[in-house]
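Trainee: I should like to work through this structure with you, one element at a time. May we begin once it is displayed?

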Amino acid sequence: MKTKSLCPECLNVIDAEVYESDGKILMKKSCDKHGEFDDIYWSDASLYYKFARWMYTGNAGIRITNTEKGCPYDCGLCPVHKSSTMLAIIDLTNRCNQHCPTCFANAAASGYVYEPTMEQLQEMMKLLRSEVPPCPAVQFAGGEPTIREGFIEIVRMARGMGFSHVQVATNGIALAKSEQFCRDMAEAGLHTVYLQFDGVTDEPYRVLRGIPALKTKLRAIENCRKGGLKSVVLVPTLVKGVNDHQVGDMVRFAARNLDIIRGVNAQPISFEGRVDESERRSGRITIPDYIKALEEQTDGEIPRESFYPVPFVVAISHFVEAWKGMPQLEFSVHPHCGAATYVFVENGKFIPITEFVDVEGLMEFIEEQAEEMSKSRIGKLRAMMRIMTQGKKFIDHEKAPSVFDKFTLTNILDKGNRDSLAEFHRKALFIGAMHFQDPYNFDLERVQRCGIHYVTPDGRIIPFCSYNAIHRPSVEKAFATPLHVRVHSRATDE
Ligand code: SF4
Ligand code: SF4
């Protein structure tokens, strides 16, 4: 398949080919100035084709920029973009209280401090809420967002502006230090702690973060629990040979802490900046590698068949939209960006939802009912009646875990409300992966469908992978203050 990518050296757009070889999907490309590049795109061709079935073209919820220089330089969002914001990222600071050997983006490394003001943050969030449909979820990130002055106030501001989901991506150091801080976050309305969690021993942290951090992570989780937070998602950065042998143990750790841990969302490493080729090839891991390792390390209890791409659930949005008569967010990101499943835990065993729900049949059925509903009022009633009476046939109650409420899925569709979804999430463990792109495997087809967007102080909304590959330095520098000025004024303040 022909597509467009980036030259990893000059970041110019170049032609690329995505092709199958030896059961794997590879990408190759050539830059006039910098030569040939190749990399693995997906390491399992059959899973690649399965996921490709759910390619879906959606719409952006807002147009801010024009098409001038071409994608990905026109971000954004420009008229070419095909997904609305499903999760917005706001960097609160580029300062950090951890010094990861691989990080080149923090204040210490870049020499400047990037911290949008409170007024800018408010404007940025307003912009997100003006999308159609309004962006529902925001994640504060960095640097380390918890060390930003006024962090709790910022969480409160986000809730006040109507975001129904507010989360923070954190290394957990501030949380481990203070139970009160966790309580303050809970009281301000924070929903989820998106916790950097690279493994269940100290070794992966020594390699990736330069410190043995496991105790800090455990203390952070305990303080979240005591502080009244209800949701922690473990976020491992996966690197081949460093922590891919622990993916089963990480999921088992989550299952033992199901009272507070809602999911494990792995991020296969993406290589930014200049990277030694042998380091890139030995560390590269893809979503199918993760899924295979998980299958092996759970003795087949979480098989590869249980995973589906993000746009698999688009039918649910169509259904709720037809039912409520209001635009709903479509999860229309590219099918090769991410994978997910839900598992239940019973008697120490994992039971993926796909073991007892015919998920493909159910989604087809829901899509048909959404179409029927959108035609007329009678159609609406007929479709709802069918959901009530026929929806259950997609669930095999013999195989379902006892914790599974047999009406849960019907309730979600019937009410389409947050409580039903929250109830489902309390009982199930989410297992997902998203492979952020780097200039080596960058695919314009993917980034044009991106639904994870940065919002910036200059009033733009920029897809995550485009921001990190292209736009971050110019945005940050335009709003930065030199590091020594900031350090000096802080020292004086104190
Ligand atoms: S990534 Fe999206 S917003 Fe950015 S230039 Fe491409 S199509 Fe436009
Ligand atoms: S952040 Fe990157 S990997 Fe994720 S949906 Fe956007 S383009 Fe795809």
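The exchange below treats a predicted model, taking up a sheet, a helix, a single serine and two ligand shells.

Trainee: In which order do the four strands of the open sheet lie, and which of them stand at the edges?

Mentor: The four strands are arranged as 1-2-3-4, with antiparallel pairing. An edge strand has a single partner, so one of its sides is left without a neighbour in the sheet. Neighbouring strands are turned against each other by 35° on average, direction ignored. The strands at the edges are strand 1 (2-6) and strand 4 (35-42).

Trainee: Which residue of strand 2 does Lys-4 stand opposite?

Mentor: Strand 1 pairs with strand 2 (residues 13-21) in the antiparallel sense, over five bridges. Across from Lys-4, in strand 2, stands Asp-15.

Trainee: How far apart are the end C-alpha atoms of helix 3, and what span should its 12 residues have?

Mentor: Helix 3 comprises residues 118-129. At 1.5 Å a residue, its 12 residues should span 16 Å. The separation of the end C-alpha atoms agrees with this, at 17 Å.

Trainee: What arc do the buried residues of helix 3 cover around the axis?

Mentor: The buried residues of this helix are Leu-121, Met-124, Met-125 and Leu-128. Their arc is narrow enough to put them on the same side of helix 3, whereas Glu-119 and Lys-126 are exposed on the other side. The arc covered by the buried residues is only 95°.

Trainee: Is Ser-374 buried, exposed or partly exposed?

Mentor: Ser-374 belongs to helix 13 (residues 359-375). Its C-beta atom has 16 others within 10 Å; a residue counts as buried at 20 or more and as exposed at 12 or fewer. Ser-374 is therefore partly exposed.

Trainee: What distance separates the C-alpha atoms of Ser-374 and His-318?

Mentor: Along the chain, these two residues are 56 residues apart. In space, their C-alpha atoms are separated by 9.2 Å.

Trainee: How many residues of the shell around ligand 1 are charged?

Mentor: The shell holds 13 residues, with Cys-71, Cys-75, Gly-76, Cys-78 and His-81 the closest. Eight of the shell residues are nonpolar and four are polar. The charged residues number one.

Trainee: Which helices each supply at least two residues of the shell around ligand 2?

Mentor: Of the 15 residues around ligand 2, those that come nearest are Cys-337, Cys-450, Ile-452, Phe-464 and Cys-465. By class, the shell divides into 10 nonpolar, four polar and one charged. The helices that each supply at least two shell residues are helix 17 (444-447) and helix 18 (464-478).

Note on methods. Residues are numbered from 1 along each chain as its sequence is written. Chains are lettered from A and ligands numbered from 1 in the order in which they are written. This is a predicted model: local features need pLDDT of at least 70, side-chain atom pairs count only at pLDDT 80 or more; totals for chains, interfaces and linings use all residues. A residue is near a molecule or strand if its C-beta atom, placed from the backbone, lies within 6 Å of it. Ala, Val, Leu, Ile, Met, Phe, Trp, Tyr, Cys and Pro count as nonpolar, Asp, Glu, Lys and Arg as charged, and the others, Gly among them, as polar. Two strands pair if DSSP finds at least two bridges between them. Axes are lines fitted to C-alpha atoms, for helices over the stretch in contact, and angles run from 0 to 180 degrees between N-to-C directions. The expected span of a helix is 1.5 Å times one less than its number of residues. The arc is that of the directions from the helix axis to the C-beta atoms.
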